[in-house]
Amino acid sequence: AVPPLKNLQNLRYLYVYNNQFTSLSTFTNLSNLQYFYAQSNKLSGEIPSFAGCPNLLNLILFNNSLTDYKTGGLATNYRLSYLDLSGNSLTGQAVNQIIADLLINYNTVNRGGVTVNLRGVLPSGVALDSIDILRSKGWSIVYT
């Protein structure tokens, strides 16, 4: 597993891609982390909360086997500008909750220019309406 990380005030970049990691731990009080790249591992299970990383700009988790999402995990990452979760096995419920949290995020700090890649998944119901709202506010969201 990617070990739990906490109280690393000088950590800005964390690149653990192209390894054999199987799970992510909680990140606590990483106030300056801006870039987290963990693509092309063997990550499975839940996408944890990144609330402890308030300055996160890029979260890259594509080409893993993630299935679930910690509710609220991205709702307060107000600086997030690029999120790539493509090529995972996220459940419909997880995808819908991610979209719901991103809408909460937007409603708290109105901003455009955010790119979200969810290729390989299919949001449904209210999440599709939320995607339309976010797109109308300058977000780029792709799926399927």
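Helices and strands are here runs of residues assigned by DSSP, with at least four residues for a helix and at least two for a strand, and they are numbered from the N terminus. In this predicted model, the chain follows the pattern β-β-β-β-β-β-β-β-α-β-α-β when it is read along the sequence, and its secondary structure comes to 2 helices and 10 strands.

**Overall form**

- The chain has a radius of gyration of 14 Å, which agrees with a compact globule, because a globule with 144 residues would have a value near 15 Å.
- Taken along the principal axes, the box that the C-alpha atoms fill is roughly 35 × 30 × 20 Å.
- Among contacts between residues at least 6 apart in sequence, 42% join residues at least 24 apart.

**Burial, surface and charge**

- Of the 144 residues in the chain, 46% count as buried, where buried means under 20% relative accessible area.
- The accessible surface of the chain comes to about 6600 Å², and 49% of this surface belongs to carbon and sulfur atoms.
- The chain carries 9 positive and 6 negative charges, and the mean positions of these two groups are 11 Å apart.

**Helix H2 and its surroundings**

- Helix H2, which spans residues 126-136, has Ala127, Ser130, Ile131 and Leu134 as its buried residues.
- These residues lie on the same side of H2, because they cover an arc of only 105° around the axis.
- In general, an α-helix has 3.6 residues a turn, so residues three or four places apart point the same way.
- The cover over the buried residues of H2 includes helix H1 (92-108) and strand S10 (140-143).
- Just after H2, Gly138 takes a positive phi of about 100°.

Terms used. Residues numbered from 1 in each chain as written. Predicted model: local features only at pLDDT ≥ 70, side-chain atom pairs only at ≥ 80, totals over all residues. Heavy atoms only, no water. Rg over C-alpha atoms; globule rule 2.2 N^0.38 Å. Buried < 20%, exposed > 50% of the residue type's maximum accessible area, 1.4 Å probe, protein only. Contact = heavy atoms within 4.5 Å. Areas by Shrake-Rupley, 256 points an atom, 1.4 Å probe, with all protein chains shown as cover. Lys, Arg positive; Asp, Glu negative; His and termini not counted. Charge placed at Lys NZ, Arg CZ, Asp CG, Glu CD. Arc of directions from axis to C-beta.
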